[in-house]
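Student: I have a model open on my screen and would like some help reading it. Could we go through it together, one feature at a time?

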Amino acid sequence: MNSPSASVALAAHLAVLSSISFGGFPSVLPDVHNLVAANGWVTDREFANYFAVSQVMPGPNMILMMSFIGLKVGGMPGAIASALATFGPPCVIYFIAYRLWDRFRDMPWQRIVRRGLAPLTIGLVIAGGYVMARAGDVGWQSAVVTSGAVALMLRTRVNPLWILSAGGALGGLGFL
Amino acid sequence: MSETVKARSSNEQVTLGALFIGFLKVSLCGFGGGLVWARRVVVEQQQWMDEQEFAETLTLCQFMPGPNIVGITVCAGSKLRGPIGAISAVAGFIVIPWTVGLSLGGLYLRYAHIAVLQNILGGLSAAAAGLMIATGIRLLMPHRGRRTALLFAALAFTGMVFVKLPLLVVLLGLAPLSIAGAGIESARAR
C-alpha cells in the first residue's frame with residue numbers, strides 16, 4: 001500500500017477513536033475493523049493475525065496492533081504515526097484530568113455519569129471480542145475455541161496466557 | 001501506614017530513571033492482566049501511591065478514554081515529577097516493549113503465510129477473542145441487576161456489530177440516554 005495519505009487518514013481516525021475509547025481500546029476494535037475493511041487496507045485474515053500476535057506480546061497490545069496496521073498501510077512512518085495516535089491523545093486527556101481530579105471529587109453527578117457510561121463501554125468491549133472472533137473465524141472449531149476460552153476465563157483462575165497457548169497449540173496441530 | 005507512604009513520596013525526589021524502569025517493568029510483566037503488575041510496582045514495591053490513592057486513580061482512568069494502565073502511568077509520573085515525570089513513565093511503558101513487539105511480531109507476521117504459523121495464529125486469535133468477551137462479561141456482572149444497564153450494553157453491541165455504526169455515533173447517540181437512565185434510577189433509589 002505504502003501511501004502517505006492513507007497513513008495520515010489512518011492516524012487521524014485513530015486519534016479520534018483513542019480520544020473517545022471509553023472502556024479501553026478493545027471497545028474501538030469494531031470501528032477500526034470497519035475502517036480498514038472499507039478502504040481495503042487490511043484483509044480480515046491480516047486483521048485477525050495482528051490481533052493474535054499483539055495479544056501474545058507483553059506490553060501495550062492495542063498500541064502494537066494499531067502499529068501493525070500502520071506498518072501495512074504506510075511502512076515504518078505509518079507504524080509510528082499509528083502508535084502516537086493511539087496513545088498520545090489519551091495521555092494528554094489523562095494528564096489534564098488528573099490535574100482537575102480534585103475539583104471533581106465526590107460530585108454526585110460523577111457517579112451517575114459513570115453508571116451511565118459503564119454499560120455502553122461493556123457492550124463495546126464484548127462487541128470487540130465478537131468482531132475479532134468473526135474476523136478470524138474459519139469454522140465451528142474456532143467458535144468452540146472462543147467459547148471454551150470464555151468459559152475457562154469466567155469459571156477458573158487459569159492464567160490467560162495458558163488459554164492463549166492452548167488456542168495456539170490447537171491451531172498449530174491442525175484442529176481448526 | 002499511609003502517612004509514611006505519603007511522606008516518602010513528597011520528601012524524596014523520585015528519579016526520572018526510576019519512573020522509566022518502574023513502568024518498563026509493569027509493561028513487560030503485564031501479560032494478560034497489566035493491572036495486577038501496575039498495583040504491585042506502584043503500591044507495593046515503589047510505594048509511589050498508597051492503596052486508596054491507587055484505587056481512586058484507577059477509577060479516574062476508567063472514567064476517561066484510553067488504556068487504563070497508560071492512564072495510571074501518566075497519573076503516577078505526573079504526581080511524582082510533573083509533566084516530565086509523566087513523559088518518562090509513559091516512555092518506560094511504551095518505547096522498549098513497542099520496539100521489541102514490533103520487531104518480533106513483524107518477523108512472525110512476515111512468515112504468517114506458512115500454513116502451520118497461520119494455524120497457530122488462527123487458534124490464538126480465537127482464544128484471545130474469547131478472553132476479551134469474558135472480560136466484558138465480568139465487567140457486566142456487577143450491573144446484571146440493572147435492566148437499563150443490560151439494555152444499553154445490548155444496544156451498544158448491536159449498534160457496533162450488526163448496524164456497523166461508527167463508534168462516535170454509537171457513543172453520542174446512546175450516552176445521553178444511558179446517563180439519563182442512570183440518573184432516573186438513582187433518583188428512584190433515594
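Student: What share of the contacts in chain A with a separation of 6 or more comes from residues 24 or more positions apart?

Tutor: Happy to start there, and do keep in mind that this is a predicted model. The idea is to ask how far apart in sequence two touching residues lie. In chain A, 59% of the contacts with a separation of 6 or more join residues 24 or more positions apart.

Student: Which secondary structure elements does chain A have?

Tutor: Here you count helices and strands, then read their order. Chain A has seven helices and zero strands, giving the pattern α-α-α-α-α-α-α along the sequence. Its C-alpha atoms occupy a box of roughly 55 × 45 × 25 Å along the principal axes.

Student: How much of chain A is buried?

Tutor: A residue counts as buried when its relative accessible area is under 20%. By that cut-off, 53% of the 176 residues of chain A are buried. As for the accessible surface of chain A, about 7400 Å² in total, 66% of that area belongs to carbon and sulfur atoms.

Student: Now for charges. Where do the positive and negative ones of chain A sit on average, relative to each other?

Tutor: You take the mean position of each set and look at the gap. Chain A carries 11 positive and 6 negative charges, and their mean positions are 9 Å apart.

Student: How many salt bridges does the structure hold?

Tutor: Six, over all chains. One of them pairs K72(A) with E46(A), with the closest N and O atoms 3.1 Å apart. K72(A) belongs to helix α4 (residues 61–104) and E46(A) to helix α3 (residues 44–56) of chain A, so this pair ties together parts 26 residues apart in sequence.

Student: Are K72(A) and E46(A) buried or exposed?

Tutor: In between: K72(A) is partly exposed at 29% relative accessibility, and E46(A) is partly exposed at 23%.

Student: Which salt bridge crosses between chains?

Tutor: Look at E185(B) and R115(A), whose closest N and O atoms are 3.3 Å apart. That pair runs from helix α8 (residues 167–189) of chain B to helix α5 (residues 108–136) of chain A. E185(B) is partly exposed at 23% relative accessibility, and R115(A) is partly exposed at 25%.

Student: And what about a salt bridge with both partners in chain B?

Tutor: Try R39(B) and E44(B), which meet at 3.0 Å, N to O. R39(B) is partly exposed at 27% relative accessibility, as is E44(B) at 40%. Elsewhere, salt bridges with shared partners link R115(A), R146(B) and E185(B) into one network.

Definitions and conventions:
Residues numbered from 1 in each chain as written. Chains lettered and ligands numbered in written order. Predicted model: local features only at pLDDT ≥ 70, side-chain atom pairs only at ≥ 80, totals over all residues. Heavy atoms only, no water. Helix = DSSP H or I, 4+ residues; strand = E, 2+ residues; numbered from the N terminus. Buried < 20%, exposed > 50% of the residue type's maximum accessible area, 1.4 Å probe, protein only. Contact = heavy atoms within 4.5 Å. Areas by Shrake-Rupley, 256 points an atom, 1.4 Å probe, with all protein chains shown as cover. Lys, Arg positive; Asp, Glu negative; His and termini not counted. Charge placed at Lys NZ, Arg CZ, Asp CG, Glu CD. Salt bridge = Lys/Arg side-chain N within 4 Å of Asp/Glu carboxyl O.
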